Amino acid sequence: APEPTEAVADVLSVFGTTYGNLVGANFNPGWGQATTAVVGDEIALTGLDYQGITFGAQDVSAYGYIHLDYFVEGSTSLRVFLINSGDPAVEDAHVLDVSASGWVSVEIPLTEFAPVDMTIVDQMKFDGNGNVRIDNIYFGGTAPADNSGDNTTPVAAPEPTEAVADVLSVFGTT
């Protein structure tokens, strides 16, 4: 896989030789899958049906994306999930393109994983088929600005000027 170039201080690494593995992460938690997982310099998944990664809850809300590199062989389907394993568990997936040959690098905006709570992400999952190699899993970038309020004083809508007889009002005070 290509070597990442982001500064170590700017990422939260889950897996990879460049930034290291997240302390306490389990890359083969044994969820009853048929997938054979071999973890070395990359995560090699043979006969993928699904494969999980567990770790202590991480607040990734300050990051803008999750990065990963993947290589597929004989795969027609591959998705990556972010998960909150609480009660109830919440997970959401992003479909990865399996049509490319060679290593593929992606940066998936965390907004694509709504409704997962980015302040308590504690698992990831890959599902699909074929043989897949995964490397350089990390959170990076900056979260988009919260544009829910622009710190301006609200202004009332202007009063309509049409004659009452000329309109059919659906809602309003006039």
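## Strand S6 and its partners

Val-80 stands opposite His-94 in S7. This is a predicted model. S6 and S7 pair in the antiparallel sense, with six bridges between them. The connection is a hairpin: five residues lead from S6 to S7.

S6 has a second partner. Strand S6 covers residues 78-84, and strand S9 covers residues 121-128. These two also pair in the antiparallel sense, again over six bridges. Leu-78 stands opposite Gly-128 in S9. Leu-82 has Met-124 as its bridge partner in S9. How much of S6 is buried? Six of its seven residues are, so the strand is largely enclosed by the rest of the structure.

## The four-stranded sheet

S6 belongs to an open sheet of four strands. The order is S4-S9-S6-S7, and the pairing is antiparallel. Which strands stand at the edges? Strand S4 (50-58) and strand S7 (90-95) do. Each has a single partner strand, so one side of each is left without a neighbour in the sheet. From one strand to the next, the twist averages 20 degrees.

Strands of a sheet pair through backbone hydrogen bonds, either parallel or antiparallel. In a regular strand the side chains alternate between the two faces of the sheet.

## Thr-54 in an edge strand

Thr-54 is placed in strand S4. Is Thr-54 buried or exposed? Its relative accessible area is 17%, so Thr-54 is buried. The cut-off for buried is under 20%.

Leaving aside neighbours within four places in sequence, Thr-54 is in contact with Gly-24, Ala-25, Asn-26, Pro-29 and Trp-31. Its contacts also include Asp-122 and Gln-123.

## Aromatic pairs

The structure holds four aromatic pairs. One of them joins Tyr-19 and Tyr-138. The ring centres are 5.2 Å apart and the planes stand at 80 degrees, so the pair is edge-to-face. Tyr-19 lies in the loop between strand S1 (12-15) and strand S2 (36-39). Tyr-138 lies in strand S10 (residues 131-140). The pair therefore ties together parts that are 119 residues apart in sequence. Tyr-19 and Tyr-138 are both buried.

Phe-71 and Trp-103 form a tilted pair. Their rings are 5.7 Å centre to centre, with 55 degrees between the planes. Phe-71 lies in strand S5 (residues 65-73), and Trp-103 lies in the loop between S7 and strand S8 (104-109). This pair therefore ties together parts that are 32 residues apart in sequence. Phe-71 has 17% relative accessibility, so it counts as buried. Trp-103 has 27%, so it counts as partly exposed.

## Charges over rings

Phe-71 has another neighbour. The charged end of Arg-133 sits over the ring of Phe-71, 4.2 Å from its centre. Lys-125 makes a similar arrangement with Phe-81: its charged end sits over the ring, 4.2 Å from the centre.

## Ser-75 in the S5-S6 loop

Ser-75 lies in the loop between S5 and S6. Its relative accessibility is 9%, so Ser-75 counts as buried. What does Ser-75 touch, not counting residues up to four places away in sequence? Val-98, Asn-129 and Gly-130.

Ser-75 and Ser-99 are 24 residues apart along the chain. Their C-alpha atoms are separated by 8.6 Å.

## The chain as a whole

The chain contains 10 strands and zero helices. Read along the sequence, the pattern is β-β-β-β-β-β-β-β-β-β. Of its 174 residues, 39% count as buried. Among contacts with a separation of 6 or more, 73% come from residues 24 or more positions apart.

## Confidence

The average pLDDT of the chain is 90, and 90% of the residues score at least 70. Where does the pLDDT fall below 50? It does so over residues 149-155. Beyond near neighbours in sequence, this stretch has zero contacts in the model.

Conventions:
Residues numbered from 1 in each chain as written. Heavy atoms only, no water. pLDDT = per-residue confidence, 0-100. Contact = heavy atoms within 4.5 Å. Pairing = 2+ DSSP bridges. Axes fitted to C-alpha atoms, helices over the stretch in contact; angles between N-to-C directions. Phe/Tyr/Trp six-rings, centres within 6.5 Å; stacked < 30°, edge-to-face > 60°. Buried < 20%, exposed > 50% of the residue type's maximum accessible area, 1.4 Å probe, protein only. Lys NZ or Arg CZ within 6 Å of the ring centre and 35° of its normal.
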